[in-house]
Amino acid sequence: MAGTGASPLNRAEQFIWLTARVLEQRRFAHHFLAGDADAVETALTAYLNEDGGYGHALEPDLRGPVSQPLHTAHALNVLDSIGRCSGLRVERICRFLTDVSTKEGALPALLPSQRGYPAAPFIPLVDDPPAELLATGPVVGLLHRNAVWHAWLFRATDFCWAAVDALEHSHPYEIEAAVAFLDGAPDRARAEAAADRLGRLVREQRLAVLDPERRAEYPVAAGYAPGEHHFPYDYARTPDSLARRWFTDEELERSLDHLASEQQADGGWPLNWRQWAPGTALEGRPLVTLKALLTLRAHGRSLG
């Protein structure tokens, strides 16, 4: 058992065993305890639907059984993290993405099939949802990074390039989605040029808190919760991300110090977005905790 002098990793482990779903428990075991990837994939399969998409509140802010693009993107991230983003499982996912795409060949954030099931009030539900970079960019970037080739990717990639090129005024989650796309885009020269422009935009519009001690002086995007700030590590989750170039060593290190300091007394990290139901907050904290641990480790921070 973790005591008062336990390392950050040991404290997080106790938090995961105490609060997390089976999937997050197995992900933690895989990443930090040499656990088997098969166990992660078995747990993930519980969220898979017959249509090839994922549902069942895999993304905690969307409840109910129906497949949604955000759930399916979450599943792809899990598969990517265990080296299983290939083969028939991804072919099946791409068929689902094809079936639910808009006329532009890209993904909406939320399909009308969510109607009748609980969902976060900050995710709009409409009858004819538009394609969004927020939903499409991370999926396209991840598939390209894994050298997946599928007919769905052609138009979806074109959509992402057009959406990134059109960005002038944005918000942090959309920038994160753009970075996820650019980090995997095959045209590296174009991706680097686009990332340079977005980095200037982030600094000009103050979309990243560069000094955590003065975060109250930074604006919070419209619709975000009070204090829902973003920091350099939110954009540059790994040192090889194009977004790493946006920040000085000092700025990044300050933000990582802040991230490490955010670990709570119970061993987990807090949510900073709007909490609208007890169950979603309970399920969300282990996800945030895993992300914090992986980010810190990727940037060379010791977890003890």
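**Exercise 1. In this predicted model, find which residues T102 is in contact with, leaving aside its neighbours within four places in sequence.**

Step 1. Begin by locating the residue: T102 lies in the loop between α5 (87-100) and α6 (133-145).

Step 2. Once the neighbours within four places in sequence are left aside, the contacts of T102 are P108, P129, P130 and A131.

Step 3. Then consider accessibility: the relative accessible area of T102 is 17%, and since buried means under 20%, T102 counts as buried.

**Exercise 2. Determine which residues of α5 are buried and where they fall around the helix axis.**

Step 1. α5 has 14 residues and spans 21 Å from its first C-alpha to its last, which is close to the 20 Å expected at 1.5 Å a residue.

Step 2. The buried residues of this helix are V90, I93, C94, F96, L97 and V100. Viewed down the axis of α5, they fall within an arc of 155°, and therefore line one face of the helix.

Step 3. These buried residues pack against α4 (69-81), α6 and α7 (152-166), whereas G87, L88 and D99 are exposed on the other side of α5.

**Exercise 3. Explain why C85 and C160 form no disulfide.**

Step 1. A disulfide needs a pair of cysteine sulfur atoms within 2.5 Å.

Step 2. For C85, which is buried at 4% relative accessibility, the closest cysteine sulfur is that of C94, at 8.2 Å, and this is too far for a bond.

Step 3. For C160, buried with a relative accessible area of 0%, the closest cysteine sulfur is again in C94, at 13 Å, which is also too far.

Step 4. The structure as a whole holds zero disulfides.

Notes. Residues are numbered from 1 along each chain as its sequence is written. This is a predicted model: local features need pLDDT of at least 70, side-chain atom pairs count only at pLDDT 80 or more; totals for chains, interfaces and linings use all residues. Side-chain values use heavy atoms; hydrogens and water are left out. Helices (H or I, at least four residues) and strands (E, at least two) are DSSP runs, numbered from the N terminus. Buried means under 20% relative accessible area, exposed over 50%, partly exposed in between (1.4 Å probe, protein chains only). Contact means heavy atoms within 4.5 Å. The expected span of a helix is 1.5 Å times one less than its number of residues. The arc is that of the directions from the helix axis to the C-beta atoms.
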